[in-house]
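Thanks, everyone, for making the time this morning. I would like to walk you through one model, and I would ask you to keep the structure open while I talk.

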Amino acid sequence: MAAQPPRPVGERSMGSPQEAARAPARSPAWTPTQARTPGAALVGQRESPESGLQEHYSNLCMEKSQKINPFILRILQEVDEEIKKGLAAGITLNIAGNNRLVPVERVTGEDFWILSRILKNCLYINGLDVGYNLLSDVGAYYAAKLVQKQLNLIYLNLMFNDIGPEGGELIAKVLHKNQTLKYLRMTGNKIENKGGMFFAAMLQINSSLEKLDLGDCDLEESTVHIGRMLKENHCLVVLHMCKHDIKNSGIQQLCDALYLNSSLRYLDVSCNKITHDGMVYLADVLKSNTTLEVIDLSFNRIENAGANYLSETLTSHNRSLKALSVISNNIEGEGLVALSQSMKTNLTFSHIYIWGNKFDEATCVAYSDLIQMGRLKPDNTDVEPFVVDGRVYLAEVSNGLKKHYYWTSTSGESYDHSSNAGFALVPVGQQP
């Protein structure tokens, strides 16, 4: 039986299950009966494809005595206008709560209950972004039902929605049988180790999910279970594990699994207290692994020794890695120069991000030479050379693997290739 989400703080009391059954439908009532028959709350309501989404939403809110969320109403109106123009396929519905361009009333679990009723039969919508809202475990329940019912959905962004271990369990379990969702973002939801274990178990069964973001989810020492999953899963292409407290023992477990994995192309282990000792394992697996194309080691502490381990492998053995980020890793001139030399012999290695380390004159000259000779394209790194009094220096530029990981730009292209090279190098499903 699926886990039953608790009633969120501040939700109207529904009294006893008997009283809830007699009361007019107003919001999802969490009772044991409904937990056993999740579809019960959806029975009796037929969708009206002839009417627009905006009208359908307003009518359903009135029918269920639910307050209309003006932000949802506005977004649905925009989708209706796109459909009238003939753009009725492959639409991503963006209802992210951190939108700074329009007034936002953040989506609650009750709001999502109504929204999920509307979207379950909208086959022209294949992406849904409801990040930075207030869905909680109640919204996670209806998100799981939507994934189960809406078979065209390939992208779902639930980042930072106060979803806990129970909500994580609900979503992970529904993905056991799902064969359509390709990209799921759970970033920032504190599903903890309990919820993380359900995702690790799911990935040993699921055969469709290609990109999973479990970054900043309060998972610790998760690498034992993730490692076992990587040995069994041959579908996952992108895995974000930032802020998992992985450390050196954890990266060793991941690398042990990567000897047997032939699908993972993008590994994000940023912010994980990994030192140069952990780079021994990574450098060794890169000698034989021919699948990994992007590795994010930002905000660890690999230092010169770790950079040298990687440089040796990239120079003499590996010819599959395209991009490496070592931002803020306490690397000094020697290690940074070694990595730059790898690019001269390894023509596959095309993207490198080094800002936040300790630049000496040799480092500045080395990367300036790479850029000047055309070996390192300006869009493929986060530094730009400039000269003062005959001496070369490096300035930071806004390029990276995932510059817009937590936020979106209010002007220009939000997900251009130079600022979000990881998405461009390893495109999966619906882009964020």
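I will take the strands, then one loop residue, and then two helix contacts.

Before anything else, please bear in mind that this is a predicted model, and that the values I quote are computed from it.

Let me begin with the strands, where strand 1 and strand 2 pair in the parallel sense, the pairing running over 4 bridges. One of the partnerships links N94 to D129, the latter sitting in strand 2. As for burial, strand 2, which spans residues 125-129, is mostly covered, with 5 of its 5 residues buried. Strand 1 has two faces to consider, a covered one formed by I91 and L93, and an uncovered one formed by T92 and N94, so N94, the partner of D129, belongs to the uncovered face.

Moving along the chain, we come to N99, which is found in the loop that runs between strand 1, residues 91-94, and helix 5, residues 109-119. Is N99 buried or exposed? The relative accessible area of N99 is 26%, and because the buried class ends at 20% and the exposed class begins over 50%, N99 is counted as partly exposed. What does N99 touch, once its neighbours within four places in sequence are left aside? The answer is F71 and V104. Within the loop region, the side chain of N99 also reaches the backbone nitrogen of V102, at 3.5 Å. Finally for this residue, its C-alpha atom and that of Y132 are separated by 9.1 Å, although N99 and Y132 are 33 residues apart along the chain.

Now to the helices, starting with helix 7, residues 165-174, and helix 8, residues 192-203, whose axes come within 8 Å and cross at roughly 5 degrees. These two helices are therefore roughly parallel to each other. Helix 7 contributes P165, E166, G168, E169, I171, A172 and K173, which meet E192, K194, G195, F198, F199 and M202 in helix 8. Sorted by class, the residues of this contact comprise 6 nonpolar, 2 polar and 5 charged.

The second pair is helix 9, residues 223-232, and helix 10, residues 247-258, which pack at an angle of about 10 degrees with their axes 8 Å apart, and which are therefore also roughly parallel to each other. On the helix 9 side the contact involves T223, V224, I226, G227, L230 and K231, and on the helix 10 side G250, Q253, L254, D256, A257 and L258. Here the classes come out as 6 nonpolar, 4 polar and 2 charged residues.

How values were computed: Residues are numbered from 1 along each chain as its sequence is written. This is a predicted model: local features need pLDDT of at least 70, side-chain atom pairs count only at pLDDT 80 or more; totals for chains, interfaces and linings use all residues. Side-chain values use heavy atoms; hydrogens and water are left out. Axes are lines fitted to C-alpha atoms, for helices over the stretch in contact, and angles run from 0 to 180 degrees between N-to-C directions. Angles under 35 degrees count as roughly parallel, over 145 as roughly antiparallel, 65 to 115 as roughly perpendicular and the rest as oblique. Contact means heavy atoms within 4.5 Å. Ala, Val, Leu, Ile, Met, Phe, Trp, Tyr, Cys and Pro count as nonpolar, Asp, Glu, Lys and Arg as charged, and the others, Gly among them, as polar. Buried means under 20% relative accessible area, exposed over 50%, partly exposed in between (1.4 Å probe, protein chains only). A polar contact is a pair of N or O atoms within 3.5 Å; within protein, one must be able to donate a hydrogen and the other to accept it, and residues adjacent in sequence count only if both atoms are side-chain atoms. Two strands pair if DSSP finds at least two bridges between them.
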